[in-house]
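Visitor: Please take me through the surroundings of the ligand in detail, residue by residue where possible. Which backbone angles in the loops also deserve a check?

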Amino acid sequence: MTILITGATGFIGKYLCLTLLQQGHEVQALTRSQSSLTQLIGFLQQQGIAMERFSALEGDLEKPELGLITLPGRIECIVHLAARFAWNLPEHDARHTNVTGSLRVAELARQLRCRLVFISGFMLANTEHLSRLGINGSHPEQTDWSRVYRRAGGYEASKLESAFRLREFVARHGLDAVEIQPATVAGHRSTGELDPAQPLHGLLDNLYHGRMAMIPGSPDHWLPLVPVDSLAQVIAASCEANHAPDTLLVLDQNTPNLAGLLQAAAQFLGKPAPRRHLPIGVMKALLAIPGLPGLLKVAPESLAFIQTCRFDTSRTERFLAQQNVPLPPFAQYLEASCRHYCQRLGVAGGAVTSGA
Ligand SMILES: NC(=O)c1ccc[n+]([C@@H]2O[C@H](COP(=O)([O-])OP(=O)(O)OC[C@H]3O[C@@H](n4cnc5c(N)ncnc54)[C@H](OP(=O)(O)O)[C@@H]3O)[C@@H](O)[C@H]2O)c1
(Lines give C-alpha, C1' and ligand atoms only; values in the text may rest on other atoms or scores of the structure.)
Protein backbone atom coordinates (compact mmCIF):
# COMPACT_ATOMS: atom_id res chain seq x y z
CA MET A 1 0.00 0.00 0.00
CA THR A 2 1.01 3.64 -0.36
CA ILE A 3 0.34 5.62 2.79
CA LEU A 4 0.62 9.38 3.24
CA ILE A 5 1.42 10.46 6.81
CA THR A 6 0.97 13.93 8.27
CA GLY A 7 3.06 14.46 11.41
CA ALA A 8 5.52 11.79 10.23
CA THR A 9 8.38 13.71 11.86
CA GLY A 10 6.71 13.65 15.30
CA PHE A 11 7.30 11.10 18.06
CA ILE A 12 4.45 8.75 17.06
CA GLY A 13 4.96 9.50 13.36
CA LYS A 14 8.53 8.29 13.21
CA TYR A 15 7.60 4.94 14.77
CA LEU A 16 4.66 4.67 12.39
CA CYS A 17 6.97 5.28 9.40
CA LEU A 18 9.32 2.61 10.74
CA THR A 19 6.53 0.06 11.24
CA LEU A 20 4.97 0.64 7.80
CA LEU A 21 8.32 0.53 5.97
CA GLN A 22 9.28 -2.66 7.85
CA GLN A 23 5.98 -4.15 6.67
CA GLY A 24 6.88 -3.37 3.04
CA HIS A 25 4.56 -0.40 2.44
CA GLU A 26 5.38 2.78 0.52
CA VAL A 27 5.41 5.82 2.82
CA GLN A 28 5.04 9.46 1.86
CA ALA A 29 5.67 11.96 4.64
CA LEU A 30 3.90 15.30 4.45
CA THR A 31 6.36 17.66 6.13
CA ARG A 32 6.86 21.38 6.51
CA SER A 33 10.39 21.43 7.88
CA GLN A 34 13.59 20.25 6.25
CA SER A 35 15.40 19.84 9.57
CA SER A 36 12.67 17.55 11.00
CA LEU A 37 12.73 15.55 7.76
CA THR A 38 16.50 15.14 7.96
CA GLN A 39 16.15 13.84 11.53
CA LEU A 40 13.42 11.41 10.48
CA ILE A 41 15.53 10.05 7.62
CA GLY A 42 18.49 9.70 9.99
CA PHE A 43 16.33 7.74 12.47
CA LEU A 44 14.98 5.40 9.77
CA GLN A 45 18.45 4.76 8.33
CA GLN A 46 19.76 4.02 11.82
CA GLN A 47 17.05 1.36 12.11
CA GLY A 48 18.40 -0.27 8.93
CA ILE A 49 15.60 0.87 6.62
CA ALA A 50 16.42 1.01 2.90
CA MET A 51 14.88 4.31 1.88
CA GLU A 52 13.65 3.59 -1.65
CA ARG A 53 10.05 3.16 -0.47
CA PHE A 54 10.12 6.43 1.47
CA SER A 55 9.46 9.87 0.00
CA ALA A 56 8.55 13.31 1.32
CA LEU A 57 6.05 15.87 0.21
CA GLU A 58 6.16 19.50 1.30
CA GLY A 59 2.94 20.53 3.04
CA ASP A 60 1.60 22.56 5.94
CA LEU A 61 -1.72 22.21 7.79
CA GLU A 62 -1.87 25.97 8.10
CA LYS A 63 -1.90 26.66 4.35
CA PRO A 64 -4.91 26.47 2.02
CA GLU A 65 -5.00 23.04 0.34
CA LEU A 66 -2.13 22.17 2.71
CA GLY A 67 0.18 24.14 0.45
CA LEU A 68 0.15 21.32 -2.11
CA ILE A 69 0.70 22.46 -5.69
CA THR A 70 -0.58 19.23 -7.20
CA LEU A 71 -2.42 16.27 -5.75
CA PRO A 72 -0.11 13.43 -4.71
CA GLY A 73 -0.22 10.32 -6.93
CA ARG A 74 -1.88 7.05 -5.93
CA ILE A 75 -2.44 7.07 -2.15
CA GLU A 76 -4.49 4.31 -0.53
CA CYS A 77 -4.57 5.70 2.96
CA ILE A 78 -3.81 8.96 4.77
CA VAL A 79 -2.79 8.81 8.43
CA HIS A 80 -3.36 12.18 10.03
CA LEU A 81 -1.13 12.63 13.08
CA ALA A 82 0.04 16.22 12.67
CA ALA A 83 -1.04 18.64 15.36
CA ARG A 84 0.21 21.52 17.39
CA PHE A 85 0.90 19.67 20.63
CA ALA A 86 1.66 22.13 23.45
CA TRP A 87 0.11 23.68 26.56
CA ASN A 88 -1.15 27.30 26.78
CA LEU A 89 -2.00 27.51 23.09
CA PRO A 90 -4.21 30.47 22.21
CA GLU A 91 -7.62 29.39 20.89
CA HIS A 92 -7.04 30.91 17.46
CA ASP A 93 -3.68 29.17 16.91
CA ALA A 94 -4.87 25.81 18.20
CA ARG A 95 -7.99 25.96 16.03
CA HIS A 96 -6.11 27.12 12.96
CA THR A 97 -3.75 24.13 12.95
CA ASN A 98 -5.66 21.38 14.70
CA VAL A 99 -9.20 21.98 13.45
CA THR A 100 -8.97 23.82 10.11
CA GLY A 101 -5.78 21.91 9.23
CA SER A 102 -7.43 18.56 10.02
CA LEU A 103 -10.40 19.39 7.80
CA ARG A 104 -7.95 20.16 4.98
CA VAL A 105 -6.45 16.71 5.41
CA ALA A 106 -9.92 15.14 5.34
CA GLU A 107 -10.69 17.06 2.16
CA LEU A 108 -7.53 15.62 0.61
CA ALA A 109 -8.67 12.10 1.57
CA ARG A 110 -12.03 12.86 -0.08
CA GLN A 111 -10.35 14.02 -3.29
CA LEU A 112 -8.03 11.02 -3.35
CA ARG A 113 -10.91 8.66 -2.43
CA CYS A 114 -8.72 6.95 0.11
CA ARG A 115 -9.10 5.81 3.70
CA LEU A 116 -8.49 8.40 6.41
CA VAL A 117 -7.02 7.24 9.71
CA PHE A 118 -7.10 10.17 12.12
CA ILE A 119 -5.68 10.39 15.60
CA SER A 120 -7.79 12.02 18.30
CA GLY A 121 -7.20 11.03 21.95
CA PHE A 122 -8.60 8.86 24.75
CA MET A 123 -10.50 11.78 26.33
CA LEU A 124 -12.95 11.48 23.42
CA ALA A 125 -14.11 8.23 25.04
CA ASN A 126 -14.76 9.91 28.40
CA THR A 127 -18.37 10.98 27.95
CA GLU A 128 -18.71 12.45 31.46
CA HIS A 129 -15.68 14.64 30.85
CA LEU A 130 -17.14 15.80 27.52
CA SER A 131 -20.46 16.70 29.08
CA ARG A 132 -18.70 18.51 31.98
CA LEU A 133 -16.99 20.63 29.31
CA GLY A 134 -20.38 21.39 27.74
CA ILE A 135 -20.10 19.06 24.72
CA ASN A 136 -23.29 17.24 23.82
CA GLY A 137 -22.05 14.01 22.23
CA SER A 138 -25.33 13.46 20.34
CA HIS A 139 -25.58 17.09 19.15
CA PRO A 140 -22.00 18.39 18.99
CA GLU A 141 -23.14 21.17 16.63
CA GLN A 142 -24.85 22.78 19.64
CA THR A 143 -21.52 23.13 21.47
CA ASP A 144 -20.24 26.56 22.43
CA TRP A 145 -16.67 25.78 21.43
CA SER A 146 -15.17 29.04 22.71
CA ARG A 147 -16.44 28.06 26.16
CA VAL A 148 -14.78 24.64 25.79
CA TYR A 149 -11.50 26.36 24.85
CA ARG A 150 -11.71 28.53 27.97
CA ARG A 151 -12.37 25.50 30.17
CA ALA A 152 -10.05 22.90 28.67
CA GLY A 153 -7.25 25.00 27.14
CA GLY A 154 -6.27 25.30 23.49
CA TYR A 155 -4.67 21.92 22.84
CA GLU A 156 -7.31 19.68 24.42
CA ALA A 157 -10.25 21.75 23.15
CA SER A 158 -8.89 21.78 19.60
CA LYS A 159 -8.37 18.01 19.66
CA LEU A 160 -11.97 17.53 20.82
CA GLU A 161 -13.39 19.98 18.29
CA SER A 162 -11.31 18.51 15.50
CA ALA A 163 -12.56 14.96 16.24
CA PHE A 164 -16.22 16.06 16.17
CA ARG A 165 -15.75 18.10 12.99
CA LEU A 166 -13.88 15.25 11.29
CA ARG A 167 -16.62 12.76 12.25
CA GLU A 168 -19.20 15.11 10.73
CA PHE A 169 -17.11 15.50 7.53
CA VAL A 170 -16.63 11.73 7.28
CA ALA A 171 -20.38 11.10 7.67
CA ARG A 172 -21.34 13.85 5.19
CA HIS A 173 -19.00 12.57 2.47
CA GLY A 174 -19.25 8.86 3.20
CA LEU A 175 -15.49 8.60 3.74
CA ASP A 176 -13.83 5.35 4.73
CA ALA A 177 -12.32 6.44 8.05
CA VAL A 178 -10.92 5.12 11.31
CA GLU A 179 -10.52 7.26 14.44
CA ILE A 180 -7.71 6.22 16.75
CA GLN A 181 -8.01 7.39 20.37
CA PRO A 182 -4.63 6.86 22.04
CA ALA A 183 -3.85 7.05 25.74
CA THR A 184 -0.81 9.04 26.87
CA VAL A 185 2.15 7.67 24.99
CA ALA A 186 4.98 5.86 26.80
CA GLY A 187 8.42 4.99 25.45
CA HIS A 188 9.29 2.13 23.13
CA ARG A 189 8.88 -1.26 24.84
CA SER A 190 12.57 -2.17 24.55
CA THR A 191 14.65 0.97 23.89
CA GLY A 192 12.32 3.10 26.04
CA GLU A 193 12.88 6.06 23.70
CA LEU A 194 10.62 8.89 24.84
CA ASP A 195 10.80 12.35 23.34
CA PRO A 196 11.44 15.05 25.99
CA ALA A 197 8.37 16.93 24.73
CA GLN A 198 6.08 14.01 25.63
CA PRO A 199 3.84 14.44 28.72
CA LEU A 200 5.07 11.20 30.33
CA HIS A 201 8.65 12.48 30.06
CA GLY A 202 7.57 15.59 31.98
CA LEU A 203 6.07 13.39 34.70
CA LEU A 204 9.27 11.31 35.02
CA ASP A 205 11.31 14.51 35.10
CA ASN A 206 9.21 15.94 37.92
CA LEU A 207 9.49 12.68 39.85
CA TYR A 208 13.25 12.47 39.33
CA HIS A 209 13.84 16.06 40.43
CA GLY A 210 11.66 15.78 43.54
CA ARG A 211 9.00 18.19 42.26
CA MET A 212 6.26 15.65 42.81
CA ALA A 213 5.76 15.61 46.56
CA MET A 214 2.13 14.47 46.38
CA ILE A 215 -0.01 12.30 44.09
CA PRO A 216 -2.57 14.33 42.14
CA GLY A 217 -6.11 13.02 42.68
CA SER A 218 -7.36 10.05 44.69
CA PRO A 219 -6.50 6.32 44.61
CA ASP A 220 -9.14 6.02 41.84
CA HIS A 221 -7.34 8.42 39.52
CA TRP A 222 -5.21 7.05 36.70
CA LEU A 223 -3.34 8.10 33.59
CA PRO A 224 -3.67 5.30 31.05
CA LEU A 225 -0.62 4.67 28.90
CA VAL A 226 0.29 2.92 25.67
CA PRO A 227 3.84 2.27 24.42
CA VAL A 228 4.68 4.14 21.22
CA ASP A 229 5.59 1.02 19.23
CA SER A 230 2.27 -0.70 20.07
CA LEU A 231 0.36 2.41 19.06
CA ALA A 232 2.29 2.50 15.77
CA GLN A 233 1.36 -1.16 15.18
CA VAL A 234 -2.34 -0.45 15.79
CA ILE A 235 -2.31 2.54 13.44
CA ALA A 236 -0.49 0.50 10.77
CA ALA A 237 -3.02 -2.32 11.11
CA SER A 238 -5.93 0.08 10.77
CA CYS A 239 -4.56 1.37 7.44
CA GLU A 240 -5.11 -1.91 5.68
CA ALA A 241 -7.56 -3.99 7.72
CA ASN A 242 -10.63 -4.80 5.63
CA HIS A 243 -13.11 -4.32 8.41
CA ALA A 244 -11.37 -2.04 10.87
CA PRO A 245 -13.76 -0.63 13.51
CA ASP A 246 -14.55 3.06 12.94
CA THR A 247 -13.13 3.92 16.38
CA LEU A 248 -10.24 2.33 18.22
CA LEU A 249 -9.50 3.31 21.82
CA VAL A 250 -5.88 2.33 22.36
CA LEU A 251 -4.90 2.12 26.00
CA ASP A 252 -3.30 -0.41 28.29
CA GLN A 253 -5.94 -1.56 30.79
CA ASN A 254 -3.08 -2.85 32.96
CA THR A 255 -1.84 0.67 33.65
CA PRO A 256 -2.14 0.91 37.46
CA ASN A 257 -3.67 3.89 39.25
CA LEU A 258 -1.52 7.03 39.29
CA ALA A 259 -0.12 6.16 42.73
CA GLY A 260 0.98 2.74 41.38
CA LEU A 261 2.44 4.27 38.22
CA LEU A 262 4.44 6.82 40.23
CA GLN A 263 5.60 4.18 42.69
CA ALA A 264 6.84 1.89 39.88
CA ALA A 265 8.50 4.78 38.04
CA ALA A 266 10.14 6.07 41.23
CA GLN A 267 11.59 2.62 41.86
CA PHE A 268 13.00 2.42 38.32
CA LEU A 269 14.42 5.95 38.67
CA GLY A 270 15.89 5.21 42.09
CA LYS A 271 13.91 8.00 43.75
CA PRO A 272 11.34 8.09 46.59
CA ALA A 273 7.70 7.88 45.49
CA PRO A 274 5.09 10.34 46.75
CA ARG A 275 2.67 8.65 49.18
CA ARG A 276 0.02 11.25 50.00
CA HIS A 277 -2.77 12.38 47.71
CA LEU A 278 -3.71 15.94 46.83
CA PRO A 279 -7.21 16.48 45.36
CA ILE A 280 -7.07 17.69 41.75
CA GLY A 281 -9.25 20.72 42.63
CA VAL A 282 -6.76 21.82 45.32
CA MET A 283 -3.87 21.31 42.92
CA LYS A 284 -5.62 23.40 40.24
CA ALA A 285 -6.23 26.17 42.78
CA LEU A 286 -2.54 26.12 43.78
CA LEU A 287 -1.49 26.24 40.14
CA ALA A 288 -3.55 29.40 39.70
CA ILE A 289 -0.89 31.15 41.84
CA PRO A 290 1.27 33.09 39.38
CA GLY A 291 4.65 31.51 38.80
CA LEU A 292 3.80 28.16 40.42
CA PRO A 293 3.13 26.18 37.20
CA GLY A 294 6.59 27.22 35.95
CA LEU A 295 8.25 26.40 39.26
CA LEU A 296 6.56 23.00 39.60
CA LYS A 297 6.73 22.38 35.84
CA VAL A 298 3.08 21.34 35.75
CA ALA A 299 0.67 22.84 33.23
CA PRO A 300 -2.82 23.07 34.78
CA GLU A 301 -4.24 21.77 31.46
CA SER A 302 -2.29 18.53 31.79
CA LEU A 303 -4.23 17.61 34.97
CA ALA A 304 -7.38 17.02 32.90
CA PHE A 305 -5.89 13.77 31.61
CA ILE A 306 -5.77 12.33 35.14
CA GLN A 307 -9.32 11.07 35.77
CA THR A 308 -11.23 8.26 37.45
CA CYS A 309 -13.10 7.14 34.31
CA ARG A 310 -12.57 3.50 33.27
CA PHE A 311 -12.97 2.57 29.63
CA ASP A 312 -14.39 -0.29 27.60
CA THR A 313 -11.62 -1.41 25.25
CA SER A 314 -13.16 -4.76 24.27
CA ARG A 315 -13.54 -3.70 20.61
CA THR A 316 -9.88 -2.69 20.40
CA GLU A 317 -8.80 -5.87 22.16
CA ARG A 318 -10.66 -8.00 19.58
CA PHE A 319 -9.00 -6.00 16.79
CA LEU A 320 -5.55 -6.38 18.38
CA ALA A 321 -6.06 -10.13 18.73
CA GLN A 322 -7.18 -10.43 15.07
CA GLN A 323 -4.19 -8.36 13.93
CA ASN A 324 -1.79 -10.19 16.25
CA VAL A 325 -0.67 -7.04 18.07
CA PRO A 326 -0.17 -8.00 21.74
CA LEU A 327 0.60 -5.18 24.22
CA PRO A 328 3.81 -5.68 26.24
CA PRO A 329 3.56 -5.83 30.06
CA PHE A 330 3.21 -2.43 31.75
CA ALA A 331 6.34 -2.90 33.89
CA GLN A 332 8.43 -3.68 30.80
CA TYR A 333 7.73 -0.48 28.88
CA LEU A 334 7.64 1.73 31.96
CA GLU A 335 11.02 0.43 33.06
CA ALA A 336 12.41 0.93 29.54
CA SER A 337 11.06 4.51 29.51
CA CYS A 338 12.69 5.23 32.89
CA ARG A 339 15.97 3.66 31.79
CA HIS A 340 15.97 5.80 28.65
CA TYR A 341 15.21 8.88 30.75
CA CYS A 342 18.21 8.14 33.00
CA GLN A 343 20.48 7.46 30.00
CA ARG A 344 19.61 10.86 28.50
CA LEU A 345 20.43 12.49 31.81
CA GLY A 346 23.61 10.44 32.14
CA VAL A 347 22.64 9.13 35.58
CA ALA A 348 22.17 5.68 37.05
CA GLY A 349 18.59 4.56 37.57
CA GLY A 350 17.09 2.48 40.36
CA ALA A 351 16.45 -1.23 40.83
CA VAL A 352 16.01 -3.27 37.67
CA THR A 353 13.30 -5.85 38.08
CA SER A 354 12.21 -7.06 34.64
CA GLY A 355 14.24 -8.43 31.78
CA ALA A 356 13.06 -5.77 29.29
N1 LIG B 1 1.82 11.78 22.53
C2 LIG B 1 0.70 11.51 23.20
O3 LIG B 1 0.71 11.20 24.42
C4 LIG B 1 -0.61 11.56 22.45
C5 LIG B 1 -1.76 11.00 23.06
C6 LIG B 1 -2.98 11.05 22.36
C7 LIG B 1 -3.04 11.64 21.10
N8 LIG B 1 -1.92 12.18 20.55
C9 LIG B 1 -2.02 12.79 19.21
O10 LIG B 1 -1.14 12.10 18.34
C11 LIG B 1 -0.66 12.99 17.33
C12 LIG B 1 0.85 12.95 17.25
O13 LIG B 1 1.39 13.19 18.53
P14 LIG B 1 2.98 13.22 18.78
O15 LIG B 1 3.16 12.94 20.22
O16 LIG B 1 3.69 12.39 17.78
O17 LIG B 1 3.25 14.78 18.51
P18 LIG B 1 4.60 15.54 18.12
O19 LIG B 1 5.79 14.73 18.44
O20 LIG B 1 4.47 16.91 18.71
O21 LIG B 1 4.50 15.67 16.53
C22 LIG B 1 3.65 16.59 15.92
C23 LIG B 1 3.82 16.48 14.42
O24 LIG B 1 2.91 17.40 13.80
C25 LIG B 1 3.62 18.15 12.84
N26 LIG B 1 3.00 19.46 12.66
C27 LIG B 1 2.72 20.39 13.61
N28 LIG B 1 2.19 21.47 13.03
C29 LIG B 1 2.13 21.23 11.70
C30 LIG B 1 1.70 21.96 10.58
N31 LIG B 1 1.21 23.21 10.71
N32 LIG B 1 1.76 21.39 9.35
C33 LIG B 1 2.27 20.15 9.20
N34 LIG B 1 2.72 19.40 10.22
C35 LIG B 1 2.65 19.94 11.45
C36 LIG B 1 5.03 18.28 13.41
O37 LIG B 1 5.92 18.62 12.35
P38 LIG B 1 7.29 19.42 12.56
O39 LIG B 1 8.35 18.36 12.69
O40 LIG B 1 7.42 20.22 11.31
O41 LIG B 1 7.12 20.26 13.78
C42 LIG B 1 5.23 16.86 13.94
O43 LIG B 1 5.58 16.00 12.88
C44 LIG B 1 -1.22 14.37 17.68
O45 LIG B 1 -2.38 14.57 16.91
C46 LIG B 1 -1.58 14.25 19.16
O47 LIG B 1 -2.64 15.12 19.50
C48 LIG B 1 -0.71 12.14 21.19
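Guide: A polar contact here is a pair of N or O atoms within 3.5 Å; within protein, one must be able to donate a hydrogen and the other to accept it, and residues adjacent in sequence count only if both atoms are side-chain atoms. The model is predicted, so local features need pLDDT of at least 70 and side-chain atom pairs count only at pLDDT 80 or more, while totals for chains, interfaces and linings use all residues. Residues are numbered from 1 along each chain as its sequence is written, and side-chain values use heavy atoms, with hydrogens and water left out.

Three polar contacts of the ligand can be described. At Tyr 155, a side-chain N or O atom is 2.5 Å from an oxygen atom of the ligand. The side chain of Thr 9 likewise places an N or O atom 2.6 Å from a ligand oxygen. Leu 61 takes part through its backbone, where an N or O atom lies 2.9 Å from a nitrogen atom of the ligand. On its own the ligand exposes 900 Å², of which the protein buries 89% (Shrake-Rupley areas, 1.4 Å probe; for residues, only the protein chains shown count as cover).

Two or more residues of the surrounding shell are contributed by each of helix H1 (11–22), helix H6 (154–173) and strand E7 (184–186); helices (H or I, at least four residues) and strands (E, at least two) are DSSP runs numbered from the N terminus. Around the ligand there are 25 residues, each with a heavy atom within 4 Å of it. Thr 9 and Tyr 155 are among those that come nearest, along with Ser 36, Lys 159 and Gln 198. The shell divides into 12 nonpolar, nine polar and four charged residues, with Ala, Val, Leu, Ile, Met, Phe, Trp, Tyr, Cys and Pro taken as nonpolar, Asp, Glu, Lys and Arg as charged, and the others, Gly among them, as polar.

As for the loops, most residues other than glycine have a negative phi. Glu 65, which is not a glycine, has a positive phi of about 50°. Its place is the loop between strand E3 (54–58) and strand E4 (77–80). Glu 65 is exposed, at 63% relative accessible area (buried is under 20%, exposed over 50%, partly exposed in between; 1.4 Å probe, protein chains only). Asn 88 also has a positive phi, near 60°. Asn 88 sits in the loop that runs between E4 and helix H3 (91–112), and Asn 88 is exposed, with a relative accessible area of 63%.
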